[in-house]
Amino acid sequence: MEHTQVSDQVFTVRAFAGDLPVECFLSARGFLEDHSLVRPSFSEDHVHASFELLLCRKGSGYQFIEGVAHAYTDESVFLLAPFVTHAHIADPDSAEVRCSIRFILPDAAAFSGRSDPALSAALARLRKEQYAQFFASRQIIAIADLLSEAVCSAESSALLVLAGLLSALFSSVLAELGRLYGGAKGKRSPHAARRERLRTQAHHRQLLWSVARRLRAHRRPLRAGTHQSQQPQPRDSRSLRHLV
C-alpha cells in the first residue's frame with residue numbers, strides 16, 4: 001500500500017492491561033518508517049488532555065518536557081502524563097523511527113479496589129512526576145513491530161488485531177513502569193512474583209501467536225502459479241522468536 005493511502009487512517013481502540021481498560025488513539029501516520037514523507041523531524045511545544053506513549057524504535061535526539069531536554073536513543077520509551085508540555089527534535093544525521101499512542105485511563109476513584117496496588121501507585125507517581133523514561137524490553141519492541149504492520153494494513157480485521165496487540169503492549173509497558181518505580185515492596189514473596197511473571201509471559205506469547213496467525217490468514221491470496229515456498233516469511237514470525 002502507498003504511504004499516501006495509509007497515512008490518513010486513524011483508530012480508536014479499547015485495550016486492557018490486566019483488568020485496567022485503556023482507551024487508545026493512534027494513526028498510521030505515526031507508524032510509517034519513512035517519516036520524511038509525512039512529517040518533519042521535530043515537533044513544537046504542545047500538550048494533550050490524555051496520556052501519551054512515545055517509543056523511539058530507531059534514532060536519537062532530545063525530548064523536551066516542560067522545557068527540560070532529555071536525550072533519547074534507539075528503543076527509548078517515554079510515558080507522559082496529561083497536560084504536560086512537550087516537544088522533540090531528532091538528530092539530523094540519524095534516521096528516526098518513532099511512534100506515538102495517546103491513551104486515557106479511568107479515574108483512580110472509579111477503578112479503586114480493582115487494580116493492582118503496585119500499578120495504582122506507579123500511575124499516581126507518573127501523574128505527580130509528569131513523565132517516565134526507560135528502555136524498551138525485547139518484548140515491547142517485538143510487539144511494536146507487529147503493531148506497526150497492523151496499523152499500516154488495510155485489512156478488515158485491523159481493529160481486532162490492534163486490540164490484542166495494544167493490550168499486550170500496555171501490559172508490558174505498565175509492568176516496566178512498575179519495575180521502574182519499585183512496585184509494592186514487601187507485599188509478595190519472590191516466588192509469587194516469579195509465578196506471576198511467568199503467567200504473564202505465557203499469556204503474552206499465546207496472545208501474540210494468535211495475532212500473528214490472524215495477520216497471516218488475512219494476507220492477500222497468492223497469485224496464480226506462485227508457490228507458497230517462494231513467499232518470504234512474515235516479519236511477525238521472526239519477531240516472536242525473541243519473546244522468551
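**Aromatic contacts around Tyr 72**

Phe 78, at 2% relative accessibility, counts as buried, a term that means under 20% relative accessible area, with exposed over 50% and partly exposed in between (1.4 Å probe, protein chains only). This is a predicted model, in which local features need pLDDT of at least 70 and side-chain atom pairs count only at pLDDT 80 or more, while totals for chains, interfaces and linings use all residues. Residues are numbered from 1 along each chain as its sequence is written, and side-chain values use heavy atoms, with hydrogens and water left out.

Rings of Phe, Tyr and Trp (its six-membered ring) are taken to pair if their centres lie within 6.5 Å, and planes under 30 degrees apart count as stacked, over 60 as edge-to-face and the rest as tilted; by this rule there are three aromatic pairs. In one of them, Tyr 72 meets Phe 78 edge-to-face, with 6.4 Å centre to centre and 85° between the planes. Tyr 72 is also buried, with a relative accessible area of 1%, and Arg 98 lies over its face, 5.3 Å from the ring centre, where a charge sits over a ring if NZ of Lys or CZ of Arg is within 6 Å of the ring centre and within 35 degrees of the ring normal. Phe 51, Phe 103 and Phe 170 form one aromatic cluster.

Turning to the whole protein, buried residues make up 43% of its 244 residues. Of the contacts (heavy atoms within 4.5 Å) with a separation of 6 or more, 74% are between residues 24 or more positions apart.
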